[in-house]
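Hi,

Here is the structure I promised to pass on. My notes follow below it.

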Amino acid sequence: MVTDPIADYLTRIRNAQMANHRIVEISASNLKKRLTEILYDKGYILKYKFEDDNKQGVIKIALKYDPSTKLPAIHSLERISRPGLRTYAKPDEFKRVKNGLGIAIVSTSKGVMTDKEAKVQNVGGEVLCNIY
């Protein structure tokens with residue numbers, strides 16, 4: 001049993017990139033599916049597929065690399081709010097990630113979204129992770 005599924009999700013992606021894997025498989029949940037959709041929309045991953053295995057389901061993520069330097073598109077995955085220390089922020093308290101180059105993913109009352117989308121909708125919430 002995994003006590004922090006979001007940290008496990010981020011660690012699996014981080015480890016797959018360090019090993020230069022093209023595809024990583026992660027057990028699915030609604031939160032992980034939404035995180036994957038955000039990563040795809042912001043251009044951090046190449047593509048993804050949700051598969052049903054008659055249990056929990058699996059997310060297959062094709063990782064994105066720079067063709068010339070072979071470096072991954074995601075430089076840093078950092079868990080902010082964790083089970084032992086939850087971190088919440090109001091819309092005007094979101095910290096910029098790498099001077100605005102990265103994104104923070106926030107769980108709000110209107111769903112999981114990036115920090116920029118949360119500012120536009122004027123909602124705060126739990127800051128899940130920073131991605132650059």
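**What turned up**

Right after helix 1 comes N20, with a positive phi near 60°; helices (H or I, at least four residues) and strands (E, at least two) are DSSP runs, numbered from the N terminus. Bear in mind that this is a predicted model, where local features need pLDDT of at least 70, side-chain atom pairs count only at pLDDT 80 or more, and totals for chains, interfaces and linings use all residues. Residues are numbered from 1 along each chain as its sequence is written, and side-chain values use heavy atoms, with hydrogens and water left out.

Helix 1 itself covers residues 5–18, and its end C-alpha atoms sit 20 Å apart, which agrees with the 20 Å expected for 14 residues at 1.5 Å a residue (the expected span is 1.5 Å times one less than the number of residues). Its buried residues (under 20% relative accessible area, 1.4 Å probe, protein chains only) are I6, D8, Y9, L10, I13, A16 and Q17. Their cover includes helix 2 (30–41) and strands 1 (23–27), 3 (58–63), 4 (77–79) and 8 (125–131).

Then there's Y44, in the loop between helix 2 and strand 2 (45–51). Y44 counts as buried because its relative accessibility is 10%. Leaving out residues up to four places away in sequence, Y44 touches (heavy atoms within 4.5 Å) L39, K64, A73, I74, L101, G102, I103, I131 and Y132. Y44 and A73 are 29 residues apart in sequence, yet 5.6 Å apart in space, C-alpha to C-alpha.

Cheers

How values were computed
Buried < 20%, exposed > 50% of the residue type's maximum accessible area, 1.4 Å probe, protein only.
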